Amino acid sequence: MSPWIWALVLVAAVWAAHWGAEHLAKPLKLRKQWGFSVAAGGALVGLAAASPEIGINVASAVTGVADIGLGTMFGSNVIAIPFMVITAYVATRHLKKENEDKGHEQHVKEHLLKVNPTAVTVQALPYLVIIAIVAIFTVPKQWRGLQPVDGWITLGIYLVYLAQALLRGKEEGEQVEWQRKEIYLAVAGLAALALGAIFTVRATENIVSALGMSKIVGGLFITAPMAALPEVFATWSVAKSGQITSGVTSVIGDHAVTLTVAFLPLALVTVPVQNFPLFITILSFVGLVGMLYAAFIHWGGPGKEHGFRRWQVFAFGGLLLVYVGVVLIGVLNIFSGGSTGN
């Protein structure tokens, strides 16, 4: 099939994912109904939003192109967090009055994206622990690569992560009324998001093949950004609804899934690390992005406020440019005829 046809499939799939994401704010009523914290709400959204990474890893493991899944898994953890913070910042500059919380206008004047401080302890710090564990499993020479036992251990780690996110700060639930239409749209939205993500990944794989790019580079710079698009839409939708902390922290919930649940399909087929300099560079940026996310929220706001200042949002954008430059020029040497990651 022509790459132009796959490009049309890609556009249609992204549109379907966008439509599905528009209805992700509604299921967050469950957070209030069950008494979960706003940061835990991010974990709930992240679990649904991680479907692109899970889908590509299953497909790449089954079809024998694990390098695409490996590139997508780690590449998405670098690019998605800055993307979501930038998206949430832009989305919340002009909220509707009914979606504003107390002090929002002042936060806009201060160029602050206010985030509940529990996002650090409930989401960011456990996420950094997950990154450290993945590094321990994959970096030492005697354990290098993804093994089946690694996958089962990381799956168990995710269940612990999800449990602590849901239970910490839990309060008595509120009475929430559901309309039948909301339930139908929520189910349809999640289904559309999942299907759209799968076809986004499938179309991107075929485009990569048609262009003759290496699988790892395709996973890092085409499949990973495409897989992140549904979450961009979800973050926009949730943040515009006034649920800012849930919108911003869902990316951490998503990528906790990516490095644990989505880790399992690749680990089960045993994936060796063939380009260690590239792997360690990507993993280093994964850790750096996670640390900056936690530090910016904790120290970003004025006084007792927490969140992202405008300069920190720009800093994330700059970090993405540095990441692309280091990988393409410093590691892959694409302009000097060096390795392209095969």
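Helices (H or I, at least four residues) and strands (E, at least two) are DSSP runs, numbered from the N terminus. The model is predicted: local features need pLDDT of at least 70, side-chain atom pairs count only at pLDDT 80 or more, and totals for chains, interfaces and linings use all residues. Residues are numbered from 1 along each chain as its sequence is written, and side-chain values use heavy atoms, with hydrogens and water left out.

**Exercise 1. Describe the chain as a whole.**

Step 1. Take the secondary structure: the protein chain has 14 helices and two strands.

Step 2. Take burial, where buried means under 20% relative accessible area, exposed over 50%, and partly exposed in between (1.4 Å probe, protein chains only). Of the 342 residues in the protein chain, 52% are buried.

Step 3. Take the surface. Accessible areas come from the Shrake-Rupley method with a 1.4 Å probe, and for residues only the protein chains shown count as cover. The accessible surface of the chain is about 15,000 Å², and 67% of this belongs to carbon and sulfur atoms.

Step 4. Take the contacts, a contact being heavy atoms within 4.5 Å. Among contacts between residues at least 6 apart in sequence, 84% join residues at least 24 apart.

**Exercise 2. Place Asp-150 and Trp-152, and state whether each is buried or exposed.**

Step 1. Asp-150 is in helix α8. Trp-152 belongs to helix α8 too, which covers residues 148-167.

Step 2. Asp-150 has 7% relative accessibility, so it counts as buried. Trp-152 has 51%, so it counts as exposed.

Step 3. List the neighbours of Asp-150. Leaving aside those within four places in sequence, Asp-150 is in contact with Phe-137, Gly-145 and Phe-263. Its C-alpha also lies 7.7 Å from that of Leu-264, although the two are 114 residues apart in sequence.

Step 4. Find the patch of Trp-152. Patches are made of residues with over 30% relative accessible area and no salt bridge; like charges are joined within 9 Å, and nonpolar side chains (Val, Leu, Ile, Met, Phe, Trp, Tyr) within 5 Å. Trp-152 forms a nonpolar surface patch with Leu-268 and Val-269, and together they have about 300 Å² of accessible area.

**Exercise 3. Find the salt bridge and say which parts it ties together.**

Step 1. Apply the definition: a side-chain nitrogen of Lys or Arg lies within 4 Å of a carboxyl oxygen of Asp or Glu. The structure holds one such salt bridge.

Step 2. The partners are Glu-305 and Lys-114, with their closest N and O atoms 3.9 Å apart. Glu-305 lies in the loop between α13 (276-300) and β2 (307-309) and Lys-114 in strand β1, so the pair ties together parts 191 residues apart in sequence.

Step 3. Check the accessibility. Glu-305, at 25%, counts as partly exposed, and Lys-114, at 29%, counts as partly exposed.

**Exercise 4. Describe the second largest cavity and its lining.**

Step 1. On a 1 Å grid over the protein atoms alone, a cavity is a set of points where a 1.4 Å probe fits but cannot get out; lining residues have an atom within 4 Å of a point. Grid points are joined across faces, edges and corners, and a volume is the space filled by probe spheres set on the points.

Step 2. The whole structure has two cavities of 30 Å³ or more. The second largest holds about 40 Å³ of space.

Step 3. Its lining consists of Arg-93, Asp-101, His-104, His-107, Leu-112, Leu-113, Lys-114 and Ile-244.

Step 4. Sort the lining by element. α6 (104-109) and β1 (112-114) each supply at least two residues, and β1 gives the largest share, three residues.

**Exercise 5. State where His-111 and Thr-270 lie and what their phi values are.**

Step 1. Recall the background: most residues other than glycine have a negative phi.

Step 2. His-111 is not a glycine, yet has a positive phi of about 55 degrees. His-111 sits in the loop between α6 and β1, and is partly exposed at 31% relative accessible area.

Step 3. Thr-270 also has a positive phi, near 60 degrees. Thr-270 sits in the loop between α12 (263-268) and α13, and is partly exposed at 38%.

Terms used
On a 1 Å grid over the protein atoms alone, a cavity is a set of points where a 1.4 Å probe fits but cannot get out, and a pocket is an open set with protein on both sides within 12 Å along at least five of seven lines; lining residues have an atom within 4 Å of a point.
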